[in-house]
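This report concerns helix packing and one pocket in the model shown below.

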Amino acid sequence: MKIKINEAGMRELYAGIAKKIEDADRRFRRQYEGHPVAEVKPRVKSAFAAIGVNLPEQQIADYAKAVSAREPFKWVLK
């Protein structure tokens, strides 16, 4: 079986995912930026699961620290 991948379609798919993540990040930061990590971290997983993105535990912890410290976060999806 051979699978053919449409590269333009894949770029469009990734762009859509990136937009969802950026929008969720903006909403999440509006609500939790600057709050203590202990308050932010438990809410990260559900906020991103709501848009279909499941984050590994280390990425959740790193993102929570960035939001708490009002620092940027570099998203790497695997």
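In this predicted model, helix 2 meets helix 3 through V37, V40, K41, V44, K45 and F48 on the helix 2 side, and through E57, I60, A61, Y63, A64, K65, V67 and S68 on the helix 3 side. Sorted by class, this contact comprises nine nonpolar residues, one polar residue and four charged residues. Helix 2, which spans residues 37–49, packs against helix 3 at an angle of about 125°, and the two axes are 8 Å apart; that angle makes helix 2 oblique to helix 3. The crossing of these two helices is right-handed.

Helix 3 also packs with helix 1, where D25, F28, R29 and Y32 of helix 1 meet Y63, A66 and V67 of helix 3. The residues of this contact divide into five nonpolar, no polar and two charged. Helix 1 covers residues 7–32 and helix 3 residues 57–68, and their axes, 10 Å apart, form an angle of about 55°, so that helix 1 and helix 3 are oblique to each other. Here too the crossing is described as right-handed.

| Helix pair | Packing angle | Axis separation |
|---|---|---|
| Helix 1 and helix 3 | about 55° | 10 Å |
| Helix 2 and helix 3 | about 125° | 8 Å |

Turning to the pocket, the second largest one has a volume of about 160 Å³, and its lining is formed by Y14, I17, A18, I21, E22, D25, R29, F73, W75 and L77. Of these lining residues, seven are nonpolar, none is polar and three are charged. D25 and R29 belong to this lining, and both residues also take part in the contact of helix 1 with helix 3.

Methods:
Residues numbered from 1 in each chain as written. Predicted model: local features only at pLDDT ≥ 70, side-chain atom pairs only at ≥ 80, totals over all residues. Heavy atoms only, no water. 1 Å grid on protein atoms, 1.4 Å probe; cavity = no way out; pocket = protein on both sides within 12 Å on 5 of 7 lines; lining within 4 Å. Points joined across faces, edges and corners; volume = space filled by probe spheres on them. Nonpolar A, V, L, I, M, F, W, Y, C, P; charged D, E, K, R; others polar. Axes fitted to C-alpha atoms, helices over the stretch in contact; angles between N-to-C directions. Helix = DSSP H or I, 4+ residues; strand = E, 2+ residues; numbered from the N terminus. Parallel < 35°, antiparallel > 145°, perpendicular 65-115°, else oblique. Left-handed = near helix turned anticlockwise from the far one by under 90°. Contact = heavy atoms within 4.5 Å.
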